[in-house]
Amino acid sequence: MAALRLLLLAVLLGVPVGALTCYGDSGQPVDWFVVYKLPAHSGSGDAAGSGLRYKYLDADSGGWRDGAGSINSSAGAVGRSLQPLYRNNASQLAFLLYNDQPPKASGAGDSSSRGHTKGVLLLDQEGGFWLVHSVPRFPPPASSAAYSWPPSAEDYGQTLLCVSFPFAQFLRIGRQLTYTYPLVYDYKLQGAFAQKFPELEEVVEGHHVRKGPWNSSVTLTSRAGATFQSFAKFGNFGDDLYSGWLAAALGSDLQVQFWHKSAGILHSNCSGAQEVLDVTEIAFPGPAGPTFSTTEDHSKWCVAPKGPWACVGDLNRNLREEHRGGGTLCTQLPALWKAFQPLVKAWEPCGGP
């Protein structure tokens with residue numbers, strides 16, 4: 001029955017049977033999902049394993065739900081979606097794993113000149129998904145025995161946005177990665193994949209854009225027809241992603257959640273036509289919360305206070321990251337905005353704390 005249900009859901013979503021796609025918490029193919037890994041000390045009692053709890057959201061979840069088990073389980077949305085990486089028979093696929101803080105076992109080089117960007121591309125001849133996230137040392141290389149969650153990422157909050165895309169959309173995604181300049185620590189890009197996606201091959205080889213403009217925005221259409229807008233900047237852009245570009249491009253004020261424990265934090269900025277406000281406290285709805293400070297949260301997302309935009313990405317607001325590559329993936333999907341907007345409990349007013 002479970003296999004039949006999965007087949008029916010795949011047909012309803014227009015997903016070719018067996019195609020690579022994001023999978024939801026219940027094991028079904030989904031067009032997109034967001035996982036918000038909660039900080040370890042965000043719940044009452046701070047029970048053992050609390051650093052592995054998460055909230056889950058997709059188009060049909062009706063808002064945030066408690067995650068199905070732990071974030072380190074291969075049965076949840078993230079583990080299930082990444083499972084094809086760790087199968088020995090995964091010969092007909094391509095992937096790129098990139099992270100400015102790669103897993104220690106990967107043997108990747110110095111990331112100081114690379115973009116502050118983290119993600120996964122996984123695709124076959126039908127399409128695949130782009131997982132944009134904030135998690136250091138994640139995911140494990142494909143040579144690992146299985147999916148796992150790094151212990152170093154248990155304490156703080158993290159965000160992961162998975163979007164399923166048709167094959168042709170990876171041409172545009174590859175172009176965006178030439179701006180963000182990621183540190184690729186594991187990949188497979190052979191034969192037809194290398195021929196069809198020359199810019200992904202450039203990214204694997206450590207190349208990047210060589211002339212301005214130093215930022216790029218493209219529209220991406222998901223497998224089910226949802227519209228996402230990718231914003232990517234190279235280090236030579238020399239400005240904050242949010243106050244230097246994104247707010248004006250979206251034509252909206254922004255409330256930005258980012259890691260507040262890095263050096264040179266930028267204060268809320270109201271010098272332009274749009275305000276860019278630093279979130280200082282997050283609260284999930286309901287009597288049980290949870291509620292936590294941005295000093296406990298390594299996630300990177302922003303939301304337009306009055307709608308309709310919500311974005312999940314990999315850049316902080318600090319002086320150093322004005323001069324590093326990175327980006328964010330934005331959408332006007334009501335389900336995403338309605339989920340993220342109420343999370344903002346407090347923010348820094350303009351003029352400083």
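Is Glu281 buried, partly exposed or exposed? With a relative accessibility of 27%, Glu281 counts as partly exposed. Keep in mind while reading these notes that the model is predicted.

1. Let's stay with Glu281 for a moment. Its salt-bridge partner is Lys345, and the closest N and O atoms of the two are 3.8 Å apart. The pair joins distant parts of the chain, since Glu281 sits in strand S14 and Lys345 in strand S19 (residues 344–347), 64 residues apart. Lys345 has a relative accessible area of 48%, so Lys345 is partly exposed.

2. Strand S14 has another residue to look at, Asp278. The side chain of Asp278 meets that of Arg317 in a salt bridge, at 2.7 Å from N to O. Here too distant parts of the chain are linked: Asp278 belongs to S14 (residues 276–283), while Arg317 is in the loop between strand S17 (310–313) and strand S18 (326–331), 39 residues away. Asp278 has a relative accessibility of 1%, and as buried means under 20%, Asp278 counts as buried. Arg317 is buried as well, because its relative accessibility is 1%. The two don't stand alone, either: Asp240 joins Asp278 and Arg317 in a network of salt bridges.

3. How many salt bridges are there? The count comes to six. One of them is between Lys118 and Asp100, whose side chains meet at 2.8 Å, N to O. Lys118 lies in strand S7 (residues 118–123) and Asp100 in the loop between S6 and S7, so this pair ties together parts that are 18 residues apart in sequence. Lys118 and Asp100 are both buried.

4. Next, a look at a hairpin. Strands S11 (residues 215–221) and S12 (residues 227–233) run antiparallel and pair over seven bridges. If you want a spot to check by eye, find Ser217, which stands opposite Phe231 in S12. Five residues separate the two strands of this hairpin, and Gly225 in the turn has a positive phi of about 95 degrees. As general background, side chains in a regular strand alternate between the two faces of the sheet.

5. Helix H6 covers residues 241–250, and its buried residues are Leu241, Tyr242, Trp245, Leu246, Ala247 and Leu250. Right after H6 comes Gly251, with a positive phi near 65 degrees.

6. What about the aromatic residues? There are 20 aromatic pairs by the rule used here. One aromatic cluster is made up of Tyr36, Trp64, Phe284, Phe292, Trp301 and Phe340, so named here in case you'd like to pick these residues out on the model.7. Last, try Gln83, in the loop between helix H2 (77–82) and strand S6 (94–99). Its relative accessibility is 23%, which means that Gln83 counts as partly exposed. Which residues does Gln83 touch, leaving aside neighbours within four places in sequence? The contacts of Gln83 are Ser74 and Tyr147. The C-alpha atom of Gln83 is also 7.7 Å from that of Ala146, although the two residues are 63 residues apart along the chain.

Notes. Residues are numbered from 1 along each chain as its sequence is written. This is a predicted model: local features need pLDDT of at least 70, side-chain atom pairs count only at pLDDT 80 or more; totals for chains, interfaces and linings use all residues. Side-chain values use heavy atoms; hydrogens and water are left out. Helices (H or I, at least four residues) and strands (E, at least two) are DSSP runs, numbered from the N terminus. Buried means under 20% relative accessible area, exposed over 50%, partly exposed in between (1.4 Å probe, protein chains only). Contact means heavy atoms within 4.5 Å. Two strands pair if DSSP finds at least two bridges between them. Rings of Phe, Tyr and Trp (its six-membered ring) pair if their centres lie within 6.5 Å; planes under 30 degrees apart count as stacked, over 60 as edge-to-face and the rest as tilted. A salt bridge is a side-chain nitrogen of Lys or Arg within 4 Å of a carboxyl oxygen of Asp or Glu.
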